[in-house]
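Please walk through the fold of this protein chain, beginning with its overall dimensions and ending with its local details.

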Amino acid sequence: MAEEGQVIGVHSVDAWKEQLEKGNASKKLIVVDFTASWCGPCRFIAPILAEIAKKLPEVIFLKVDVDELKIVSEEWGIEAMPTFLFLKEGKLVDKVVGAKKEELQLTISKHATAASASA
């Protein structure tokens, strides 16, 4: 699959639902980066997330622009950017708010390990 090992930009509600369904079907961990084009810390953390994505093809990484998909951001209660949501089988299992590289890496590792252990 071409999408493995990269952060997938989600640009429509349909694409968002499709990605969630893929994650549910595969039982993979989904990490969602809620971002905005005008957000400085978002631009700082984006290449870091891309590097992590390359190393973890077993995790689905999505990027949602809060201005582009306002309905999705509101549905998940996003109030600050960047916010990273960790979803497993459609349920929120964790959340990191802010461009906190170490916390983001630790949270991804914690849930990615749990995901591969249960696979």
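**Overall form and fold**

For a chain of 119 residues, a compact globule would be expected to have a radius of gyration near 14 Å, and the protein chain, at 13 Å, agrees with that expectation. The model is a predicted one, and its local features are described only where pLDDT is at least 70. Along its principal axes, the C-alpha trace of the protein chain spans about 35 × 30 × 25 Å. Buried residues account for 42% of the 119 residues, while the area that the protein chain exposes comes to about 6400 Å², of which carbon and sulfur atoms supply 56%. If one takes the contacts between residues at least 6 apart in sequence, 69% of them join residues at least 24 apart.

The protein chain contains four helices and five strands, and reading along the sequence gives the pattern β-α-β-α-β-α-β-β-α.

**The sheet and the helices on it**

In general, the strands of a sheet pair through backbone hydrogen bonds, and they may do so in a parallel or an antiparallel manner. Here the five strands make an open sheet of mixed pairing, in which the order is β1-β3-β2-β4-β5. Because β1 (7-10) and β5 (91-97) stand at the edges with a single partner strand each, one side of each is left without a neighbour in the sheet. From one strand to the next, the twist averages 25 degrees.

Strand β4, residues 83-88, runs antiparallel to β5 and is joined to β5 by six bridges. Within this pair, Leu87 stands opposite Leu92 of β5, and Phe86 has Asp94, also in β5, as its bridge partner. The two strands β4 and β5 form a hairpin with two residues between them, and in the turn Glu89 has a positive phi of about 50 degrees.

Which strands does helix α1 touch as it packs on the sheet? Helix α1, residues 13-26, touches β1, β2 (29-35), β3 (60-65) and β4, and the direction of helix α1 makes about 160 degrees with that of β3. Helix α2, residues 40-55, likewise packs on the sheet and touches β1, β2, β3 and β4, with a direction that makes about 160 degrees with that of β3.

**Thr35 and the disulfide**

Thr35 lies in strand β2. Is this residue, Thr35, buried or exposed? Thr35 has a relative accessible area of 9%, and it is therefore counted as buried, the cut-off for that class being under 20%. Apart from its neighbours within four places in sequence, Thr35 is in contact with Cys42, Lys63, Val64, Asp65, Val66 and Met81.

One of these contacts, Cys42, leads on to the disulfide. A disulfide is a covalent bond between the sulfur atoms of two cysteines. A search of the whole structure finds one disulfide, which is formed by Cys39 and Cys42, with their sulfur atoms 2.2 Å apart. The torsion about the S-S bond of Cys39 and Cys42 is about 80 degrees, so the disulfide is right-handed. Both of the cysteines, Cys39 and Cys42, are buried.

Methods: Residues numbered from 1 in each chain as written. Predicted model: local features only at pLDDT ≥ 70, side-chain atom pairs only at ≥ 80, totals over all residues. Heavy atoms only, no water. Pairing = 2+ DSSP bridges. Axes fitted to C-alpha atoms, helices over the stretch in contact; angles between N-to-C directions. Contact = heavy atoms within 4.5 Å. Rg over C-alpha atoms; globule rule 2.2 N^0.38 Å. Buried < 20%, exposed > 50% of the residue type's maximum accessible area, 1.4 Å probe, protein only. Areas by Shrake-Rupley, 256 points an atom, 1.4 Å probe, with all protein chains shown as cover. Disulfide = S-S within 2.5 Å.
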